[in-house]
Amino acid sequence: LTGDAITQPGNYWVRVGTSVDALLAQVGVDDEQLHQVVVGGPMMGTPLKSLEASVTKTTNCLIAATKEELPPAPAEAPCIRCGACESVCPAQLLPQQLHWYARAENDAALEAHHLFDCIECGACSYVCPSAIPLVQDYRSSKQRIRHKRIETAKAEHAKHRFEFRQARLAREEAEKKARRQARLAQQQSASSDATGTQAAPMADLRSLRIAQTAAKAAVRKAEKVLARAAAQDPQQRHDDLETQLATAQENLKAAEARLADARAASEQKEAP
Ligand code: SF4
Ligand code: SF4
């Protein structure tokens, strides 16, 4: 805990969840002098909007600053393309370009300019003569992109679950049909009177065999993708990839049932 507004600055053991307000009251704070409380360092820190915020596992420093210590930022002016930000960036990024893309919410360009390599050191904001809050822009852009990724992954997962359900229903239907066909073939062979029975239509065996081969290849591909992902990150769950593998397996079972059904119908037709 530091800052000119704190009467007893120092290192403290603090329980996670303690409110900043209660913590400052405990160590003593000069309310008249207090201008801003910052979590983190003076360059990389984030100003707190409310003192009711809690101490978290990542809270490493609290600065209770006076106005002289952390004066209010001057009004933001347009970027003059001076390049000062670029010359101080330790990650060798183009902060001014990132600034344009962040304001335009051009996420593809932000990623192409390696936004996620930014370590949020604050050097670019510090040297910017136009007082542009560059780091804040990058932080909110990163948050927006992460949120979008999560939403996209959720939508993909829902789509794969729907495809799995469709594949399961198709497989059940194909198996039902194959059983019906087998029963019919049994009845026909038992009956000596063939005139009352309608011969089953000749199915396109070739296209069904091709479909079965393609389904087998899809299962092998899904297995490989899952195995690769599991090898790369054994701790991570791969629910979505498992759903995709299960869908491919259902499709293969359905293709096999259809092929068996068609073979039975074909044999039945060829029987004397
Ligand atoms: S330091 Fe500020 S004004 Fe200069 S190029 Fe970077 S963003 Fe623009
Ligand atoms: S905050 Fe990011 S973009 Fe700015 S200087 Fe640091 S690493 Fe570079």
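A residue is called buried when its relative accessible area is under 20%. Asp 137 has a relative accessible area of 11% and is therefore buried. This value, like the others below, comes from a predicted model. Asp 137 has its place in helix H6, which covers residues 134–190. Beyond residues up to four places away in sequence, Asp 137 touches His 99, Ala 102, Arg 103 and Ile 132.

Helix H6 also holds Gln 187, and here the environment can be read from the opposite end of the scale. With a relative accessibility of 52%, Gln 187 counts as exposed, because the cut-off for that class is over 50%. Gln 187 and Arg 144 are 43 residues apart along the chain, and 65 Å separate their C-alpha atoms.

It helps to step back to the overall layout. The protein is divided into domain 1, residues 1–72, and domain 2, which joins 163–189 with 202–270. The centres of domain 1 and domain 2, taken over C-alpha atoms, are separated by 62 Å.

The strands come next. Three of them form an open sheet in the order S2-S1-S3, with antiparallel pairing. Strand S2 (46–47) and strand S3 (62–66) are its edge strands, each pairing on one side only. Strand S1, residues 34–39, runs antiparallel to S3 and is joined to S3 by five bridges. Within this pairing, Leu 34 stands opposite Thr 66 of S3, while Val 39 has Leu 62 as its bridge partner in S3. On the S2 side, two bridges join S1 to S2, and these strands are also antiparallel. Val 38 has Pro 47 as its bridge partner in S2. Six residues lie between the strands in the hairpin of S1 and S2, where Gly 40 takes a positive phi near 105 degrees. As a point of background, side chains in a regular strand alternate between the two faces of the sheet.

Attention now turns to the nonpolar cores. In soluble globular proteins, nonpolar side chains tend to be buried together. The largest nonpolar core in this model has 15 residues, of which Leu 93, Leu 98, Leu 110, Leu 115, Cys 124, Leu 134 and Tyr 138 touch the most other members. Helix H3 (95–103) and helix H6 each supply at least two residues of this core. The most comes from H6, which gives four residues. Apart from this core lies another, of 11 residues, including Ala 5, Val 20, Leu 24 and Val 37. Returning to Leu 93, its contacts beyond neighbours within four places in sequence are Glu 86, Leu 98, His 113, His 114, Asp 117 and Cys 118.

Two ligands are present in the part of the model described next. Ligand 1 has around it Cys 79, Ile 80, Arg 81, Cys 82, Gly 83, Ala 84, Cys 85, Gln 96, Cys 128, Pro 129 and Ser 130. Sorted by class, this shell contains seven nonpolar, three polar and one charged residues. Around ligand 2 are Cys 89, Pro 90, Pro 95, Cys 118, Ile 119, Glu 120, Cys 121, Gly 122, Cys 124 and Tyr 138. The shell of ligand 2 has eight nonpolar, one polar and one charged residues. Cys 124 and Tyr 138, listed in this shell, are also among the residues that touch the most other members of the largest nonpolar core.

Some backbone details stand out in the loops. Glu 120, one of the residues around ligand 2, is found in the loop between helix H4 (107–112) and helix H5 (123–127). Its phi is near 55 degrees, a positive value in a residue other than glycine. Ala 131, in the loop between H5 and H6, likewise has a positive phi, near 55 degrees, and is a residue other than glycine.

The last residue to consider is Glu 250, which is found in helix H8, residues 239–270. Glu 250 counts as buried because its relative accessibility is 8%, and the cut-off is under 20%. Leaving aside neighbours within four places in sequence, Glu 250 is in contact with Phe 164, Ala 167, Arg 168 and Arg 171.

Definitions and conventions:
Residues numbered from 1 in each chain as written. Chains lettered and ligands numbered in written order. Predicted model: local features only at pLDDT ≥ 70, side-chain atom pairs only at ≥ 80, totals over all residues. Heavy atoms only, no water. Domains from an automatic or database assignment. Near = heavy atom within 4 Å. Nonpolar A, V, L, I, M, F, W, Y, C, P; charged D, E, K, R; others polar. Pairing = 2+ DSSP bridges. Buried < 20%, exposed > 50% of the residue type's maximum accessible area, 1.4 Å probe, protein only. Contact = heavy atoms within 4.5 Å. Core = buried A, V, L, I, M, F, W, Y, C linked by side-chain atoms within 4.5 Å.
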